[in-house]
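Thanks for coming, everyone. Let me put the structure on the screen, and then we will walk through it piece by piece.

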Protein chains: 2
Amino acid sequence: MPEEPTIDSIKRAAGLIAPHIHRTPVLTSRALNKMTGAGLFFKCENFQKAGVFKFRGATNAILNLKEEDASSGVATHSSGNHGAALALAARLINVTCYVVMPENAPKVKKDAVDGYGAQIIFCEPTLASRESTLKEILARTGATLIHPYDNCDVIAGQGTAALELCEDTRHLDIVMAPVGGGGLLSGTSIAVSGVSPTTIVIAAEPQRADDAYRSFHAGKLIPVEKPDTIADGLRTSLSPLTFSIIRKHVFDVLTVSEEAIVAAMRYTWERMKIVIEPSAAVPLAAVLSNRGQFTGKRVGIIVSGGNVDLDNLPWSR
Amino acid sequence: MPEEPTIDSIKRAAGLIAPHIHRTPVLTSRALNKMTGAGLFFKCENFQKAGVFKFRGATNAILNLKEEDASSGVATHSSGNHGAALALAARLINVTCYVVMPENAPKVKKDAVDGYGAQIIFCEPTLASRESTLKEILARTGATLIHPYDNCDVIAGQGTAALELCEDTRHLDIVMAPVGGGGLLSGTSIAVSGVSPTTIVIAAEPQRADDAYRSFHAGKLIPVEKPDTIADGLRTSLSPLTFSIIRKHVFDVLTVSEEAIVAAMRYTWERMKIVIEPSAAVPLAAVLSNRGQFTGKRVGIIVSGGNVDLDNLPWSR
């Protein structure tokens with residue numbers, strides 16, 4: 001297992017990627033504060049390049065690529081957002097990018113990866129197929145694997161969003177992030193414990209892909225078997241690296257129903273007039289489903305992304 | 001015809017309403033700049049209270065209400081946005097608000113007016129029915145009419161959005177606003193010619209409700225007969241007052257197809273990750289439909305509002 005990133009890795013990443021990323025705004029909403037009884041601060045990574053926080057981690061990984069490795073390119077597997085982010089980041093230093101994607105990924109995500117100039121290789125929508133296809137690509141091309149979350153540079157990059165959130169907001173009682181593979185949550189929890197040790201970090205996860213919840217409470221890694229959630233960015237399972245970080249720095253993991261995710265997503269569109277994807281609505285869903293725990297608290301929320309298939313919205317199904 | 005508002009009326013309005021409104025952000029989008037060849041600056045009134053610029057004009061009218069008139073309340077007719085804005089503004093000084101609305105107004109707009117505590121009176125979806133119903137309410141209650149656009153305080157309030165846009169952006173070549181009844185366009189054109197005389201103002205209007213286009217080019221008021229556009233905020237016709245202002249201060253009126261409106265709305269959601277209503281997409285649609293005219297220009301766009309019925313999106317019909 002690689003060495004875990006530290007607050008210093010995150011601060012270094014922040015300096016390195018600053019010229020390339022958007023410093024996204026922190027928005028507030030009186031309507032949602034009223035609805036939750038909390039003071040919510042939304043770090044809007046839906047406004048990030050490629051429409052998602054993952055551009056931070058991908059850019060940090062690309063900028064840390066060894067010079068001798070650059071000519072063979074980079075490769076990854078991804079349900080879409082990491083693939084798009086890596087494709088866009090790879091352009092910064094003109095390296096070839098190979099992305100293994102499940103055939104059933106949302107069209108908007110396929111188009112983004114393609115539009116950013118990456119080479120897409122489709123696979124079956126199973127972890128096994130993703131991994132074997134990726135292995136083959138790596139063997140054939142000599143590309144460097146940039147894993148979506150089991151990678152220290154990626155985790156350090158993702159942590160820069162929470163770093164900015166803490167810098168741009170007076171003291172927060174709680175910071176919340178969604179959890180899938182755990183890259184964003186790991187980076188967030190290291191950043192927050194590093195710069196604001198009295199702030200607790202709470203993870204939010206779909207009930208239908210609740211490996212982080214079960215692993216956290218069992219004290220051992222329990223991968224999710226058949227994730228089946230609308231939050232397509234959160235269908236992956238923790239890795240040993242992200243689980244180890246999360247056990248140290250995360251206070252609790254809350255799970256939410258599909259209905260709560262859709263409702264929170266819709267509230268955000270209606271009240272805040274911003275487009276967020278289902279995965280990004282999971283923390284707000286957790287606040288709305290556990291109001292008592294958040295009443296009167298100042299709560300930072302990482303709004304992870306805004307890449308939605310507008311032809312297939314959850315409330316129109 | 002009442003005296004026309006001046007740049008000083010708008011500056012006074014800006015000071016008066018400042019404590020009550022959001023100073024909305026000006027956003028940019030590399031993707032949309034690339035798509036249009038222009039430098040676009042979006043003044044995001046979709047983030048305004050009540051989700052629409054109309055809160056500015058309504059607040060200015062409410063704060064200018066004579067003390068002896070306040071106890072009888074205020075009344076208006078509205079396709080929805082002005083009604084909601086007036087209802088919310090009326091709360092600032094606790095006056096009763098009566099809103100005459102067509103039965104076929106979008107549900108989200110009916111709910112907003114109701115949620116802000118106004119009394120709704122439904123009418124047939126014709127101008128004649130709106131006006132007769134309103135007349136009856138005014139006679140019965142003694143309320144003060146706050147017309148959606150044929151009112152100097154309202155126009156001055158609407159102009160404050162363009163004033164802020166000019167303050168927050170380096171010199172613009174063009175400022176664009178959508179035109180329905182002409183309140184926003186009148187206020188915008190007075191503000192821009194007042195603070196930045198070398199900036200031209202261009203109006204954008206749906207082809208299917210093109211009274212401003214026809215009136216502007218004929219040099220006389222030609223009301224629209226059967227407006228039939230998805231841009232529900234722009235179905236109204238100019239008044240003598242707004243027409244007079246527009247003739248003096250507006251450089252041109254461009255019209256756009258329904259398809260162009262839907263495409264521009266969708267681009268904005270997808271690329272900028274913000275929720276805007278069809279009426280608010282009309283200026284961008286005009287830029288996209290007339291690229292040559294805007295190439296290399298710095299173009300401010302008033303994004304008028306974000307109140308959309310999420311159950312009835314134009315690309316799902």
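Let's start with one helix. The buried residues of helix 10 in chain A pack against three elements: strand 8 (200-206), helix 11 (240-249) and strand 9 (252-256). Which residues of helix 10 are buried? They are A:Asp211, A:Ala212, A:Tyr213, A:Ser215 and A:Phe216, and the helix itself covers residues 211-218. Remember the helix geometry here. An α-helix has 3.6 residues a turn, so residues three or four places apart point the same way. Right after helix 10 of chain A comes A:Gly219, with a positive phi near 75 degrees.

Now, a step back. This is a predicted model. How confident is the predictor? Chain A has a mean pLDDT of 95. In chain A, 99% of the residues reach 70 or more. For the complex, the predictor gives an ipTM of 0.93 and a pTM of 0.94. One general caution: where pLDDT is low, the predicted coordinates should not be read in detail.

Next, the overall build of chain A. Chain A holds 14 helices and 10 strands. Its C-alpha atoms fill a box of roughly 55 × 45 × 40 Å along the principal axes. What radius of gyration does chain A have? The value is 18 Å. A compact globule of 317 residues would come out near 20 Å, so chain A agrees with that. Of the 317 residues in chain A, 57% are buried. And look at the contacts in chain A with a separation of 6 or more: 76% of them join residues 24 or more positions apart.

On to the domains. Chain A splits into domain 1 (7-50 + 151-316) and domain 2 (55-145). Over C-alpha atoms, the centres of these two domains of chain A are 23 Å apart. How many residues meet between them? In chain A, 25 residues of domain 1 contact 20 residues of domain 2. Take the domain 1 side of that contact. Helix 1 (7-17) and helix 8 (152-168) of chain A each supply at least two residues to it. Helix 8 of chain A gives the most, with eight residues. By class, this domain 1 side of chain A has 10 nonpolar, 10 polar and five charged residues.

Now the second copy. As a general point, two copies of a chain are related by a rotation about an axis and a shift along it. Here, chain B superposes on chain A after a rotation of 180 degrees with 0.0 Å of shift along the axis, and the RMSD is 0.0 Å. The two copies are thus related as by a two-fold rotation axis. The same surface serves both copies, with 100% of the contact residues of chain B recurring in chain A. Which residue of chain B comes closest to the rotation axis? That is B:Ile274, with its C-alpha at 2.2 Å.

How many residues does the contact between the chains take? Chain B gives 14 residues and chain A gives 14 residues. On the chain B side, six are nonpolar, four polar and four charged.

Let's look at the backbone of one lysine. In general, most residues other than glycine have a negative phi. A:Lys273 is not a glycine, and its phi is positive, near 60 degrees. Where does A:Lys273 sit? In the loop between helix 12 (258-272) and helix 13 (278-289) of chain A. Buried or exposed? A:Lys273 counts as buried because 24 C-beta neighbours lie inside 10 Å. Chain B next. B:Lys273 has a positive phi of about 60 degrees. B:Lys273 is in the loop between helix 12 (258-272) and helix 13 (278-289) of chain B. With 24 C-beta neighbours inside 10 Å, B:Lys273 counts as buried.

One last stop, in helix 13 of chain A. A:Ser279 is found there. A:Ser279 is buried, with 29 other C-beta atoms within 10 Å. What does A:Ser279 touch, leaving out residues up to four places away in sequence? Its contacts are A:Pro178, A:Ala231, A:Asp232, A:Gly233, A:Leu234, A:Ser304 and A:Gly305. Then there is A:Ile301. From A:Ser279 to A:Ile301 is 22 residues in sequence and 12 Å in space, C-alpha to C-alpha.

That's the tour. Thanks.

Methods. Residues numbered from 1 in each chain as written. Chains lettered and ligands numbered in written order. Predicted model: local features only at pLDDT ≥ 70, side-chain atom pairs only at ≥ 80, totals over all residues. Domains from an automatic or database assignment. Contact = placed C-beta atoms within 7 Å. Helix = DSSP H or I, 4+ residues; strand = E, 2+ residues; numbered from the N terminus. Nonpolar A, V, L, I, M, F, W, Y, C, P; charged D, E, K, R; others polar. pLDDT = per-residue confidence, 0-100. Least-squares fit on C-alpha atoms with pLDDT ≥ 70 in both. Rg over C-alpha atoms; globule rule 2.2 N^0.38 Å. Buried ≥ 20, exposed ≤ 12 C-beta atoms within 10 Å, placed from the backbone.
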